[in-house]
Amino acid sequence: MSFSFFKVSRPKTPSELAKAVKDSFNALDSITVAEVKALEKAMEEVEKNIVAMRVMLAGDGEVEPNPDQVVQLTLEVCNEDVIALFIHKLPILGWEARKNLVHCWSIMLKQKVDSASCCVQYMENHLELLDFLVVCYDNKEIALHCGGMLRECIKLPRLAK
């Protein structure tokens, strides 16, 4: 339930949400360390978009997720190369954002689009992302999240080879 009285936000479509997630992650790169307020604002935007993605993928406890939107969001995330951003930006995210991102990851990895899993195909084509997760596993701050993402990949027969 939203308590924003000043701005009524309409639900984003899966393609709008995927683009918003990508843009918010990319904004983190364009902000220098000197711009602390801007960095905090960009991080809030990333966290807000990750929560919106989790709600679209898993529902909010009151409303079940729309299967068509789940599939569409998964496809858009793959097409927009957002998966690479998920993995590369994991170390700079806060605890809640990482937790939500891992939950989204586990849902999207299992989604089939036209009898094929586009996330699995994406990972097969970008094996360096698995290597990055393995290397990041040594970082005790994000080991739990990297481990969760790696376990989800191992559960899939095509990536476990």
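In this predicted model, the contact between helices α4 and α5 brings I83, F86 and I87 of α4 up against L101, W105 and M108 of α5. Sorted by class, that contact comes out as 6 nonpolar residues, with no polar and no charged ones. As for geometry, α4 covers residues 82-89 and α5 residues 95-109, and the two pack at an angle of about 145° with their axes 11 Å apart. The crossing of α4 past α5 is left-handed.

H145 sits in helix α8, which runs over residues 143-155. With a relative accessibility of just 5%, H145 counts as buried. Leaving aside residues up to four places away in sequence, H145 touches L90, W95, R98, K99 and V102.

On to the cysteines. Searching the whole structure turns up 0 disulfides. For C78, the closest cysteine sulfur belongs to C118 and lies 3.1 Å away; the pair is not bonded because that is too far, the cut-off being 2.5 Å. C78 itself is buried, at 8% relative accessible area, and C104 is buried too, at 1%.

Salt bridges are another matter: the whole-structure search finds 7 of them. One joins the side chains of D29 and K89, with an N to O distance of 2.2 Å. D29 belongs to helix α1 and K89 to helix α4, so this pair ties together parts that are 60 residues apart in sequence. The two partners differ in how much of them shows: D29 is exposed, at 51% relative accessible area, whereas K89 counts as buried at 10%.

Other pairs stay within a single helix. In α1 (residues 14-30), D23 and K19 are 4 residues apart, about one turn of the helix, and their side chains meet in a salt bridge at 3.2 Å, N to O. Here both ends are partly exposed, with relative accessible areas of 38% for D23 and 44% for K19. Helix α2 (residues 36-58) holds K48 and E45, 3 residues apart and again about one turn of the helix; this salt bridge comes in at 3.4 Å, N to O. K48 is partly exposed at 45%, and E45 likewise counts as partly exposed at 30%. Finally, K110, E152 and K155 are linked in a network of salt bridges.

Terms used: Residues are numbered from 1 along each chain as its sequence is written. This is a predicted model: local features need pLDDT of at least 70, side-chain atom pairs count only at pLDDT 80 or more; totals for chains, interfaces and linings use all residues. Side-chain values use heavy atoms; hydrogens and water are left out. Axes are lines fitted to C-alpha atoms, for helices over the stretch in contact, and angles run from 0 to 180 degrees between N-to-C directions. A crossing is left-handed if the near helix is turned anticlockwise from the far one by less than a right angle, and right-handed if clockwise. Contact means heavy atoms within 4.5 Å. Ala, Val, Leu, Ile, Met, Phe, Trp, Tyr, Cys and Pro count as nonpolar, Asp, Glu, Lys and Arg as charged, and the others, Gly among them, as polar. Buried means under 20% relative accessible area, exposed over 50%, partly exposed in between (1.4 Å probe, protein chains only). A salt bridge is a side-chain nitrogen of Lys or Arg within 4 Å of a carboxyl oxygen of Asp or Glu.
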